[in-house]
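Biologist: I should like to learn how to read helices and sheets in a model. May we work through one example together?

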2 protein chains.
Amino acid sequence: MPDPVTLYVCTTCRAEGDASEPRAGARLLSSLSEALAERPAAGIRIEPVECLSVCKRACTVAVASPGRWTYVYGDLDPATSAATILDGIGLYADTPDGIVPWKARPQAFKSGVVARVPPLPQPMPEAAE
Amino acid sequence: MPDPVTLYVCTTCRAEGDASEPRAGARLLSSLSEALAERPAAGIRIEPVECLSVCKRACTVAVASPGRWTYVYGDLDPATSAATILDGIGLYADTPDGIVPWKARPQAFKSGVVARVPPLPQPMPEAAE
């Protein structure tokens with residue numbers, strides 16, 4: 001059983017010049033939740049977040065998992081990117097460290113990457129002798 | 001004993017239009033290491049990183065700690081920002097969740113914030129009954 005992968009979705013993000021409700025971030029959350037429901041074995045947990053502090057590059061998501069790098073992506077289209085995001089995170093989940101080879105990454109992840117952060121050191125396994 | 005705080009410093013960052021060596025990121029690493037040596041009780045661990053994927057906003061750092069939000073900052077001056085960064089991370093280390101009130105944050109953190117990511121769920125404590 002691989003470690004679970006958490007997909008954080010900013011629900012506060014607004015598309016530029018778009019004052020309508022629900023906000024673009026909330027619409028992305030809905031489309032991701034629907035798309036994930038069709039992939040029950042994906043091992044991905046979606047968590048809504050009020051702000052990822054990437055307000056100039058809406059919509060934004062982050063993906064994190066114990067022992068793997070964390071990635072933050074922006075410039076995502078709420079109407080069209082859900083499947084692409086889940087595909088990219090599927091590749092992430094298949095790696096031991098979260099680093100997907102550049103060529104294999106979806107274009108939206110290549111152009112939309114905002115930042116990445118190394119994994120925190122893992123706690124020592126119990127009864128290591 | 002509070003949880004340790006890890007300060008990731010991108011050593012690959014170049015200041016715009018600056019082809020000199022060592023690179024701006026490496027210079028920031030040096031100035032941070034020197035400044036930290038004068039604060040032996042700070043509880044901060046500096047870890048050099050080859051790339052935080054924030055190449056357009058050099059210099060960049062990230063701060064992370066178990067159970068706390070992760071923050072990424074850019075637009076940092078390698079010559080002048082070391083003490084400010086350590087001050088800001090000291091405030092971070094004094095919080096339970098890593099969220100420093102906006103007004104208390106250094107100006108460089110307010111204007112330079114690139115992204116933030118929630119803490120991953122913590123493992124259950126042992127023998128919790």
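Modeller: The following turns treat a helix and then a sheet. This is a predicted model, in which local features need pLDDT of at least 70, side-chain atom pairs count only at pLDDT 80 or more, and totals for chains, interfaces and linings use all residues. Residues are numbered from 1 along each chain as its sequence is written, chains are lettered from A and ligands numbered from 1 in the order in which they are written, and side-chain values use heavy atoms, with hydrogens and water left out.

Biologist: Which residues of H1(A) are buried?

Modeller: An α-helix has 3.6 residues a turn, so residues three or four places apart point the same way. Helices (H or I, at least four residues) and strands (E, at least two) are DSSP runs, numbered from the N terminus. Buried means under 20% relative accessible area (1.4 Å probe, protein chains only). In H1(A), the buried residues include Leu28(A), Leu29(A), Leu32(A) and Leu36(A). The buried residues of H1(A) pack (contact: heavy atoms within 4.5 Å) against S1, S2, S3 and H2 of chain A.

Biologist: In what order do the strands of the chain A sheet lie?

Modeller: Two strands pair if DSSP finds at least two bridges between them. In chain A, 5 strands form an open sheet with mixed pairing, ordered S2-S1-S3-S4-S5. S2 and S5 of chain A stand at the edges with a single partner strand each, so one side of each has no neighbour in the sheet.

Biologist: In which sense do S1(A) and S3(A) pair?

Modeller: S1(A) and S3(A) pair in the antiparallel sense, over 4 bridges. Tyr8(A) stands opposite Ala62(A) in S3(A).

Definitions and conventions. Buried means under 20% relative accessible area, exposed over 50%, partly exposed in between (1.4 Å probe, protein chains only).
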